[in-house]
Amino acid sequence: MTLKPPPLRNDCFSLPAGVDWTPVDEALSLLRARLRAVVGQEAVPLSAAVGRVLAADVIAQRANPPQPNTAVDGYGFAGAVPEGAHVMPLVPGRAAAGLAYRGAVPAGQAIRILTGAALPAGVETVILEEDVTLGAGEIAFRGPLKLGANTRKAGEDVAAGDVILPAGRVVTPADLALAAAAGLSDLVVYLPLRVGVLSTGDELREAGDAAAPGQIYDANRPMLLALLGQMGARPVDLGRVPDDRDALRARFDSARAEVDVILTSGGASAGDEDHVSALLRESGALQEWRIALKPGRPLALAMWDGVPVFGLPGNPVAALVCTLIFARPAIGLMAGSGWHSPQGFDLPAGFAKRKKPGRREYLRARVRDGRVEVFKSEGSGRISGLSWAEGLVELGDAAADIQPGDRVRFIPYGSFML
């Protein structure tokens with residue numbers, strides 16, 4: 001089974017008339033409303049399902065447990081027992097997991113039973129072996145013991161026909177245990193979202209190559225490819241292209257058959273050498289979203305022959321922030337796992353900062369001794385701050401005068417499902 005949804009509309013990124021600066025929350029709402037899953041589906045065995053996105057609800061094929069069983073090693077009998085001393089004769093044999101007892105246990109008698117064994121007919125209650133004195137063909141113990149003690153009911157975990165895993169969930173190892181216990185051998189999942197990463201710029205060189213004055217190493221591509229892998233996408237390295245319109249067009253054309261989404265870095269603004277935005281503008285489907293955001297104001301969104309293109313800023317700090325804030329939830333939606341908003345935590349600040357109104361700011365941050373520290377410089381060229389940080393501090397659109405001890409919102413990198 002392979003199902004493929006239709007392509008996105010060519011105008012899915014268009015902004016309402018008159019929009020100039022787009023607030024972060026509005027931009028996120030627009031993306032969420034206009035994007036959807038763009039990948040097909042397939043059935044895979046449980047062994048290949050970890051990390052994949054469920055394309056359909058998973059329905060239990062059998063109950064778990066499938067029949068009443070014992071939670072302990074001990075002795076089973078019918079009913080409850082009142083307070084006081086009791087002696088019960090033992091029936092011959094025993095019940096063990098996978099070895100069902102074929103007979104019935106008469107009232108007033110007990111049977112040896114081991115953890116996980118199905119309860120034989122006539123057994124409703126189990127007493128721990130540590131609470132029993134074993135004699136010749138009989139046991140002695142003290143009550144009280146309530147009806148059903150130390151047993152599990154059939155289906156008390158999962159009933160046959162229950163939805164045990166919802167569509168859109170990213171399958172975990174624990175999910176495999178649940179699916180297997182409920183009788184599943186295969187799961188219907190979305191095909192991995194193939195996300196291409198392309199760097200642009202005459203000044204870029206590959207790490208390890210000789211770099212002349214004025215040239216820099218491509219830091220964005222390895223970062224973005226690794227991020228995509230952690231997001232559960234299938235990263236596709238589209239390499240780098242110089243500041244040449246024809247070369248860029250050829251790379252976009254060849255990428256159409258390789259990927260479902262393209263992330264570019266660099267050339268997304270409106271300068272003389274911003275060939276990404278210029279080429280996409282020629283295609284007639286470019287929307288330059290000027291986000292009220294620091295860092296990373298220019299965000300170029302377009303369709304290239306049916307393939308969504310996210311044009312990220314070339315600065316690595318801005319590229320990372322835009323990827324986490326915008327591309328991460330959008331990729332989740334297009335991959336079938338749904339829109340995920342990161343979980344933030346209000347913690348006391350270990351820093352002071354005055355912020356002007358009008359745009360959202362994200363600071364590289366980490367938590368030490370219960371307080372949020374921010375990187376020593378807000379400069380967007382300080383790549384070392386990305387490595388130093390363990391998350392982001394989000395400062396709202398309004399003006400702020402933050403003093404040490406004030407509560408600020410810290411979003412750890414892990415909240416972006418990395």
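**Exercise 1. Cavities**

Task: Determine how many cavities of 30 Å³ or more a search of the whole structure finds, and state the volume of the largest cavity.

Solution. The structure is a predicted model. A search through the whole of this structure yields 1 cavity of 30 Å³ or more. The volume of the largest cavity is about 120 Å³.

**Exercise 2. The lining of the largest cavity**

Task: Identify which residues lie nearest the centre of the largest cavity, which elements supply at least two residues of its lining, and how the lining residues divide into nonpolar, polar and charged.

Solution. Step one concerns the residues. The lining of the largest cavity consists of 13 residues, and those nearest the centre are P295, Y362, L363, R364 and E378.

Step two concerns the elements. Helix α6 (316-335) and strand β25 (360-368) each contribute at least two residues to this lining. The largest share comes from β25, with 4 residues.

Step three concerns the chemical classes. Of the lining residues of the largest cavity, 7 are nonpolar, 2 are polar and 4 are charged.

**Exercise 3. Cis peptide bonds before proline**

Task: For the peptide bonds from N64 to P65 and from G143 to P144, state whether each is cis or trans, and locate P65 and P144.

Solution. Begin with the bond from N64 to P65, which is cis, with omega near -5°. P65 belongs to the loop between β3 (58-59) and β4 (69-70).

Continue with the bond from G143 to P144, which is also cis and has omega near 10°. P144 is placed in strand β10, covering residues 138-145.

**Exercise 4. Positive phi outside glycine**

Task: Give the phi of N150 and of D305, locate both residues, and decide whether N150 and D305 are buried, partly exposed or exposed.

Solution. Take N150 to begin with. Its phi is near 65°, a positive value in a residue that is not glycine. N150 sits in the loop between β10 and β11 (151-152). The relative accessibility of N150 is 28%, so N150 counts as partly exposed; the class of partly exposed residues lies between the limits of 20% and 50%.

Turn next to D305. Its phi is positive, about 50°, although D305 is not a glycine. D305 lies in the loop between β21 (298-304) and β22 (307-312). D305 has a relative accessibility of 56% and therefore counts as exposed, the cut-off for that class being over 50%.

Technical notes
Residues numbered from 1 in each chain as written. Predicted model: local features only at pLDDT ≥ 70, side-chain atom pairs only at ≥ 80, totals over all residues. Heavy atoms only, no water. 1 Å grid on protein atoms, 1.4 Å probe; cavity = no way out; pocket = protein on both sides within 12 Å on 5 of 7 lines; lining within 4 Å. Points joined across faces, edges and corners; volume = space filled by probe spheres on them. Nonpolar A, V, L, I, M, F, W, Y, C, P; charged D, E, K, R; others polar. Buried < 20%, exposed > 50% of the residue type's maximum accessible area, 1.4 Å probe, protein only.
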